[in-house]
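Me: I would like to go through this model with you, one question at a time, and have the reasoning set out before each answer.

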Amino acid sequence: MADHENYQVAIDILRCHLGMTAEEACAELGLDPSATQSAEAIDPLSLLNTN
């Protein structure tokens, strides 16, 4: 299985633009959410508010 980091951008796009949960995004990409680092650990929207 490929590194989760390679898919983080795709997961973030699915979460932010399509409103999917991290688990739904992983399933859409064919990834096993339990074998990957928790995508919920970093909220992509919170990164937009950093000054």
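Reply: A nonpolar core is a set of buried Ala, Val, Leu, Ile, Met, Phe, Trp, Tyr and Cys residues joined through side-chain atoms within 4.5 Å. Please keep in mind that this is a predicted model.

Me: Which residues form the largest nonpolar core?
Reply: The elements that give two or more residues to this core are H1 and H2. The largest nonpolar core has five residues, and these are Ile11, Leu14, Ala25, Cys26 and Leu31.

Me: Is Ala25 buried or exposed?
Reply: Ala25 lies in helix H2, and, leaving aside residues up to four places away in sequence, Ala25 touches Ile11, Leu14, Arg15 and Met20. Buried means under 20% relative accessible area. Because the relative accessibility of Ala25 is 0%, Ala25 counts as buried.

Me: How are the axes of H1 and H2 oriented: roughly parallel, roughly antiparallel, roughly perpendicular or oblique?
Reply: The axes of helix H1 (residues 8-18) and helix H2 (residues 22-29) come within 9 Å and cross at roughly 125 degrees. Angles over 145 degrees count as roughly antiparallel and those of 65 to 115 as roughly perpendicular. The crossing angle therefore makes H1, relative to H2, oblique.

Me: How many charged residues are there in the contact of H1 with H2?
Reply: On the H1 side, Ala10, Ile11, Leu14 and Arg15 take part, and they meet Ala22, Ala25, Cys26, Glu28 and Leu29 in H2. Sorted by class, this contact of H1 with H2 has seven nonpolar residues and no polar ones, while the number of charged residues is two.

Note on methods
Residues are numbered from 1 along each chain as its sequence is written. This is a predicted model: local features need pLDDT of at least 70, side-chain atom pairs count only at pLDDT 80 or more; totals for chains, interfaces and linings use all residues. Side-chain values use heavy atoms; hydrogens and water are left out. Axes are lines fitted to C-alpha atoms, for helices over the stretch in contact, and angles run from 0 to 180 degrees between N-to-C directions. Helices (H or I, at least four residues) and strands (E, at least two) are DSSP runs, numbered from the N terminus. Angles under 35 degrees count as roughly parallel, over 145 as roughly antiparallel, 65 to 115 as roughly perpendicular and the rest as oblique. Contact means heavy atoms within 4.5 Å. Ala, Val, Leu, Ile, Met, Phe, Trp, Tyr, Cys and Pro count as nonpolar, Asp, Glu, Lys and Arg as charged, and the others, Gly among them, as polar. Buried means under 20% relative accessible area, exposed over 50%, partly exposed in between (1.4 Å probe, protein chains only).
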